[in-house]
Amino acid sequence: SPEARELVHGTTDSEHVFALFVDRWRESEARLPLERLADATRRTLAELDAVRLATGCEAPAFVNLAVSDGNVVVVSRATLGSQKPARSLYVRTGERPARDGDDPERMEPFAVVASEPLELTAAWRPLRTGELVLVDEERRVFLEPIEASAVRRRVA
């Protein structure tokens, strides 16, 4: 759209993909913020694949996207046009001491998504190609296939 085009100031693929994502996010009819980000991510990936096919590109596209509205997060691990695995992504969940100093005993949940495990001693779960990671406001993590609106699987 003209509004999304104004977000593009350079020639990087990231800027163009984000502009496409913004359009799909604006068009989404999902009401909940997490659902809206997931819907826009799925639609963006589908449109990228359609463009890849329409232009005759036979090379696979490895697309890991991460989007957030500041409260919820959606991350994809995708390969378009191939069965080859996408670049690696890992998720880790747990609890840590709360940031406020009022109650040193209070713990709060956390979720981290990274291209590689950040510590060797922690339990990192590798994501499968074709999976979305959804992190809600309470830092609960859910995994869903990119292709379908399947039943959510909660991670830790």
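**Exercise 1. In the hairpin of S7 and S8, which residue takes a positive phi, and how many residues lie between the strands?**

Solution. In this predicted model, the hairpin formed by S7 and S8 has five residues between its strands, and arginine 139 is the residue there with a positive phi, near 65°. The two strands of the hairpin run antiparallel, and five bridges join S7 to strand S8, which covers residues 141–145. Within this pairing, valine 135 stands opposite valine 141 of S8.

**Exercise 2. Find which strand besides S8 pairs with S7, and work out whether S7 is buried or exposed.**

Solution. Step one is the pairing: strand S3, residues 73–80, pairs with S7 in the antiparallel sense over five bridges, and valine 135 of S7 is the bridge partner of valine 73.

Step two concerns the faces of the strand. In a regular strand, side chains alternate between the two faces of the sheet. For S7, Glu131, Val133 and Val135 lie on one side while Leu132 and Leu134 lie on the other, and all of them are buried, which leaves both faces covered.

Step three is the conclusion: five of the five residues of S7 (residues 131–135) are buried, so the strand is largely enclosed by the rest of the structure.

**Exercise 3. Describe the aromatic pair formed by phenylalanine 18 and phenylalanine 21, and compare the exposure of its two members.**

Solution. A pair of aromatic rings is described by the distance of the centres and the angle of the planes. The count comes to one aromatic pair: phenylalanine 18 and phenylalanine 21, with 6.2 Å centre to centre and 25° between the planes. Planes under 30 degrees apart count as stacked, and the pair is accordingly classed as stacked.

Both residues belong to helix H2 (residues 13–27), and because they are three residues apart, about one helical turn separates them. Phenylalanine 18 has a relative accessible area of 44% and is therefore partly exposed, whereas phenylalanine 21, at 7% relative accessibility, counts as buried.

**Exercise 4. Which elements each supply at least two residues of the lining of the largest pocket, and what is the lining's make-up by class?**

Solution. The largest pocket has a volume of about 460 Å³ and is lined by 18 residues, with Asp13, Val17, Leu48, Ala61 and Val63 lying nearest its centre. At least two lining residues come from each of H2, helix H3 (33–54), strand S1 (61–63) and strand S2 (66–68), and H2 gives the most, with five residues. By class, the lining has 13 nonpolar, three polar and two charged residues.

Notes: Residues are numbered from 1 along each chain as its sequence is written. This is a predicted model: local features need pLDDT of at least 70, side-chain atom pairs count only at pLDDT 80 or more; totals for chains, interfaces and linings use all residues. Side-chain values use heavy atoms; hydrogens and water are left out. Buried means under 20% relative accessible area, exposed over 50%, partly exposed in between (1.4 Å probe, protein chains only). Helices (H or I, at least four residues) and strands (E, at least two) are DSSP runs, numbered from the N terminus. Two strands pair if DSSP finds at least two bridges between them. Rings of Phe, Tyr and Trp (its six-membered ring) pair if their centres lie within 6.5 Å; planes under 30 degrees apart count as stacked, over 60 as edge-to-face and the rest as tilted. On a 1 Å grid over the protein atoms alone, a cavity is a set of points where a 1.4 Å probe fits but cannot get out, and a pocket is an open set with protein on both sides within 12 Å along at least five of seven lines; lining residues have an atom within 4 Å of a point. Grid points are joined across faces, edges and corners, and a volume is the space filled by probe spheres set on the points. Ala, Val, Leu, Ile, Met, Phe, Trp, Tyr, Cys and Pro count as nonpolar, Asp, Glu, Lys and Arg as charged, and the others, Gly among them, as polar.
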